[in-house]
Amino acid sequence: MSTFADLGLPEAVVSTLAANGIESPFPIQSATLPDSLAGRDVLGRGRTGSGKTYAFLLPLVSRLAANPVPRRPKAFRALILAPTRELVAQIDASLAPLAQATGLRSATIFGGVSANPQIDKLRNGIDIVIACPGRLEDHVKSGYADLSGVQITVLDEADHMADLGFLPPVKRLLDRTPRDGQRLLFSATLDNGIDVLVDRYLHDPVVHSVDSEQSPVAAMAHHVLHVDGAARFDVLADLAASPGRTIVFARTKYGAKGLARKLNSRGVPAVELHGNLSQNARTRNLAAFSDGSATVLVATDIAARGIHVDDVSLVVHADPPVEHKAYLHRSGRTARAGNDGTVVTLMVDDQVSDVRVLTRKAGIKPTVTKFSGTSHPVLQEIAPGERKFTGPIELAGAEPAATRAPQQPGRQQSQRRRPTRAGGTGGGRSGGNAASSGSGSRSRRGGAGQHR
């Protein structure tokens with residue numbers, strides 16, 4: 001197995017990785033680093049949790065550090081575009097130790113917070129900008145940001161940017177960067193208009209695809225529970241109360257809010273995550289889920305691509321998703337970085353046909369169990385351990401949707417119990433509704449997940 005030193009990373013970067021418990025590269029990093037370090041344009045596909053973040057951060061930092069130049073106000077040498085503010089914050093957290101070790105300076109730019117601190121950093125001169133497209137385009141139009149000196153451009157989660165309608169501002173921003181600059185595009189899938197970006201902005205790219213679109217299912221046990229409608233919540237509560245960290249997906253924001261409240265009333269510590277929450281509420285709820293004070297996160301699909309929290313060992317589709325890609329992205333919150341995980345879909349009578357089509361397109365063959373009532377041996381098989389119903393509880397979590405506090409920046413920094421391997425989504429025009437990283441106090445079967 002190759003090491004980071006074998007791949008050509010500088011000693012300062014290798015030492016920083018080792019100090020954080022990162023000893024060996026993941027496949028997508030081994031595959032792409034030789035080309036990206038050589039300055040080639042790279043098109044990389046890898047499933048969520050496969051290590052894409054460090055696949056672009058490591059060569060970016062290494063190349064900038066090898067060629068230091070004086071900083072200029074408003075200008076910067078590297079640009080990383082991401083679809084949501086939570087993902088921007090997460091990339092920045094992964095970059096921080098590498099930037100410190102190599103003397104590089106970075107700034108995050110996204111909406112929902114005051115623009116003045118961002119403008120001040122741009123004026124003072126920086127090396128790397130990590131941004132959501134909308135707010136960065138505002139700064140460019142206002143004359144606060146200059147893209148003419150960008151040497152390396154990274155598009156992270158490019159397919160998700162396409163899903164959110166960000167391709168027009170992305171193209172306008174890329175049009176302002178030098179044509180001879182290096183472009184690195186990373187995505188879980190290579191559809192939804194990604195080919196347009198590749199054809200227009202990448203020059204003779206090297207393509208690396210380390211897994212298939214359906215590969216996230218490999219390390220997971222998949223179950224479909226065919227339940228009576230009246231018993232649906234009781235089964236959900238039983239699963240959510242099992243040992244370990246659990247994410248529950250609901251179809252609507254109102255459904256997510258209602259399920260979180262019902263779980264709390266049953267004694268299961270749960271917080272919600274959806275588009276009706278302010279940035280402050282999202283930050284508080286994600287922090288509660290990360291530090292273990294809440295053991296269940298109830299979310300809408302807006303969180304399906306951006307929750308990076310260690311020890312998520314169970315994902316429950318309380319409402320089956322509409323299409324198979326959403327199923328794969330939701331399910332990808334567990335079984336990360338080689339760990340095991342369990343995915344459960346709750347299905348009532350009128351959903352049988354839809355779920356059958358869904359699982360077939362997702363490329364999985366789940367274990368289907370039909371039962372009535374609220375107790376069944378399969379629940380212990382799926383999520384073994386002593387159930388923890390503590391009685392009605394109140395968490396300092398979500399605020400009512402009508403009480404929208406002023407948006408403030410939230411720090412989405414990992415708090416892990418042990419070193420992880422190398423790693424890496426918010427509403428509004430330039431940000432999404434959810435993502436964070438961290439770890440909590442509970443562990444199930446597979447141990448802590450690893451985020452790169």
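Which elements do the buried residues of α8 pack against? The three close-ups below take up this helix and then two polar side chains.

This is a predicted model, in which local features need pLDDT of at least 70 and side-chain atom pairs count only at pLDDT 80 or more, while totals for chains, interfaces and linings use all residues. Residues are numbered from 1 along each chain as its sequence is written, and side-chain values use heavy atoms, with hydrogens and water left out.

**View 1. The buried side of helix α8 (residues 167-175).** Leu167, Pro169, Val170, Leu173 and Leu174 are buried (under 20% relative accessible area, 1.4 Å probe, protein chains only). They lie on the same side of α8, because they cover an arc of only 165 degrees around the axis. The buried residues of α8 pack against β2 (78-81), α6 (133-141), β5 (152-155), α7 (158-163), β6 (182-187) and α9 (194-201), where contact means heavy atoms within 4.5 Å.

**View 2. Asp127 in the loop between α5 (116-124) and β4 (128-131).** Asp127 counts as buried, at 3% relative accessibility, and its side chain makes a polar contact (a pair of N or O atoms within 3.5 Å, one able to donate a hydrogen and the other to accept it) with the side chain of Arg71, at 2.9 Å. Leaving aside residues up to four places away in sequence, Asp127 touches Leu64, Arg71, Phe76, Arg77, Ala78, Gly103, Leu104 and Arg105.

**View 3. Asn264 in helix α11 (residues 253-266).** Asn264 counts as buried, with a relative accessibility of 12%. A polar atom of the Asn264 side chain lies 2.9 Å from the backbone oxygen of Ala270.

Notes. Buried < 20%, exposed > 50% of the residue type's maximum accessible area, 1.4 Å probe, protein only. Helix = DSSP H or I, 4+ residues; strand = E, 2+ residues; numbered from the N terminus. Arc of directions from axis to C-beta.
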